[in-house]
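Please open the structure in your viewer, with a selection tool at hand. The stops below are meant to be taken in order.

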Amino acid sequence: MATNGHTNDNGTTKRPIRIAGASGGFTDRQRAIHSLAQCDVDVIVGDWMSECTMSWHGAAKSAILAKGDSSERPGLYDPSFMANLTPALPLLAEKGIKLAVNAGASDTEMLAKAVEKAIADGGLTEKLKVAWIQGDEVLDVVNKLLKQGEKFENICFGGELKDWGFEPIAAQCYLGGAGIAEAFRQGANIVICGRVADAAPTIGAAMWWHGWNRDTDFDQVAGSLIAGHLVECSSYVCGGYYSGFKELFDGCENVGFPIAEVFADGSCALIKEPGTGGEISVGTVASQLLYEIQGPQYYGSDVVAILEGIVMTQEGKDRVMVTGVKGKPPPTTTKVGLTAHGGYQAEFHFLLVGLDLEQKAEWTERQVRASMGKNVDRFSCLKFTLNGYCPEDPRNQDVATVDFRVFAQTKDRSLVIKDTMEVPGFNRWCLENFLQSCPGATIENDIRQSAGKEFFEYWAALIPQKEVNHQLKLMWDNQTIDIPPSPSMELYSTRQWSYETKDPIPLSTFGPTTRCPIGFRVLGRSGDKASDANIGLFVREADEWDWLRSFLTIEKVIQLLGPEYNGKLVERFEIPGIKAVHFLLHDHLDRSYNATSTYDGLGKNVCEYLRAKYVDIPNSFLRRGRI
């Protein structure tokens, strides 16, 4: 059982704090908190929020407030959280395990009250104290600063907020872990947060446990930031989304949840829940490190972590040590996400089969556009895309079938208001050409997607931390504690350093090659931050690292992206300690998840697309086998 003490048995050296990651999003498995409470851990953390859910909850709350708020309304916090937490409450109380989560979304106080009620219903009021964090909802602050001339430049593609063309209805900024640390110092057992950063619960837990000074102990706090990043997406670091997944089929139905042991110097060791599938290896941990980073500096509200010196060491089965993180003072700003009504979107899908697919797609597009006539100009976005291909001599009809997608967005709801054929509009314009279709064209038998649904635009910018009213609320004594930003804050450039490799090695020195997918020997991971996509590619062997860093230039990645490259900035840096090259693709994802017109709205697919591209790989590498 965890002791929740700050020293080991002889009282001289702080033992590491054991922090378990229970959630990477609202879709995660519901058993997590109860399962992890059965492990030897001190704190359980979890991330239930994303840019997607920020918009969903924020827009819903805006609509409620416009009609007049009511205490009887449903809470706009994560709807799955209480079912995850409640079965674990007796174990948390019995073992003294603390919990910090960001499941509060847009109604943190309401969730905190729901947790307090569940504790009371379980007869645990004397054992579990609840606190919550306030200050992340900042629409009023944004509007005030706009009037004062603040530009709120978009950090992905530039431009000022005043020129966006949409009216913000919600704004949430990313708080750090200092409030969580203070909550634990004050005696809280459970801390409920809204939009704290994904890693903030881990930072707060480690700051509390080790007694770090947030104004000076930047290396240590930065180490906990990286530990938090590694466990914030739960099973990702244990083999989820891992490009070496074929080695992990045994137990893939129940990949474990991670536990980070964070040491007093900020280094950490990753392990996982025992008796589960997946693995903790340098590969799986490197994969998660590379997910959703933006450059060599990882910005948090509490600290800035430098990633280039990170080293990972396999210390045993399912145990990886992470060292080499360096820290810098926290930035004067934190990220803020703004949500606006974007309009309405609809899509229609034709199924095309067999030969001459591009010509069949062209035939269909010409007919639909002719039916729309001048109404084409009433759509803010109208895209026709052919997705998939028919292989030579297809083994069955299904593999010869592809999706021809018509995607539309408009501010005019009347264009997409119905999914029936009675009235002119998007659905009718697609359907009415059916009897003059190309050969083999079929429509899907469920056309509900052709009825317009509301979508939201998202704007990512920076807001001064000094303008954010970060507060801790202790529910057991109605106390409010202000959490001011650190006086050590520094101003950072919005653009990070980018570079090609130092002393590249001529590719000819690696010997004869074979043309094949780069993913035969290269692993990787990609993700999103608003409309930016990031890609990290890495290898396992030293000679492969020399080849990879020399081969993967910015120009080469642009070439491999092919028609997916949008002509915008691509930045590059390296993490030699994990043999990785990282690329940031600016504004690659078409406005981010809730508004995107692409399949890859979360940026998770672009890495696997690149891994499928053919390059010349040295035969000496290929003889080691295919990943």
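**A tour of charges, cysteines and a surface patch**

Begin by selecting Asp40, which is partly exposed, with a relative accessible area of 38%. Bear in mind throughout that this is a predicted model.

With Asp40 still highlighted, add Arg18, since the two residues form a salt bridge in which the closest N and O atoms are 3.8 Å apart. The pair links distant parts of the chain, for Asp40 sits in the loop between helix 1 and strand 2 (43-46), whereas Arg18 belongs to strand 1, and the two are 22 residues apart. Arg18, unlike its partly exposed partner Asp40, is buried, with a relative accessible area of 16%.

Next, select Arg319 and Glu261, whose side chains meet in a salt bridge at 3.0 Å, N to O. Arg319 lies in strand 12 (residues 319-323) and Glu261 in strand 7 (residues 258-262), so this pair ties together parts that are 58 residues apart in sequence. Is Glu261 buried or exposed? Glu261 is buried, at a relative accessible area of 9%, while Arg319 counts as partly exposed at 22% relative accessibility.

Now keep both pairs on screen and add Glu315, because Arg18, Asp40, Glu261, Glu315 and Arg319 are linked in a network of salt bridges, a salt bridge being a Lys or Arg side-chain nitrogen within 4 Å of an Asp or Glu carboxyl oxygen. The count of salt bridges in the model comes to 37.

Another of these contacts can be shown by selecting Lys317 and Asp318, which form a salt bridge with their closest N and O atoms 3.8 Å apart. Here Lys317 is exposed, with a relative accessible area of 77%, and Asp318 is buried, with a relative accessible area of 17%.

Turn then to the cysteines. How many disulfides are counted? The count is zero, and Cys238 is accordingly in no disulfide, the nearest cysteine sulfur, that of Cys39, being 11 Å away. Cys238 counts as buried, at 0% relative accessibility. Select Cys516 as well: its sulfur is 16 Å from the closest cysteine sulfur, in Cys607, which is too far for a bond. Cys516 also counts as buried, at 6% relative accessibility.

For the last stop, select Phe26, Trp56, Tyr593 and Leu602, which make a nonpolar surface patch of about 360 Å². Within that selection, Phe26 is placed in the loop between strand 1 (17-21) and helix 1 (32-37), and at 38% relative accessibility Phe26 counts as partly exposed.

Note on methods. Residues numbered from 1 in each chain as written. Predicted model: local features only at pLDDT ≥ 70, side-chain atom pairs only at ≥ 80, totals over all residues. Heavy atoms only, no water. Disulfide = S-S within 2.5 Å. Buried < 20%, exposed > 50% of the residue type's maximum accessible area, 1.4 Å probe, protein only. Patch = residues over 30% accessible without salt bridge, like charges linked within 9 Å, V, L, I, M, F, W, Y side chains within 5 Å. Areas by Shrake-Rupley, 256 points an atom, 1.4 Å probe, with all protein chains shown as cover. Helix = DSSP H or I, 4+ residues; strand = E, 2+ residues; numbered from the N terminus.
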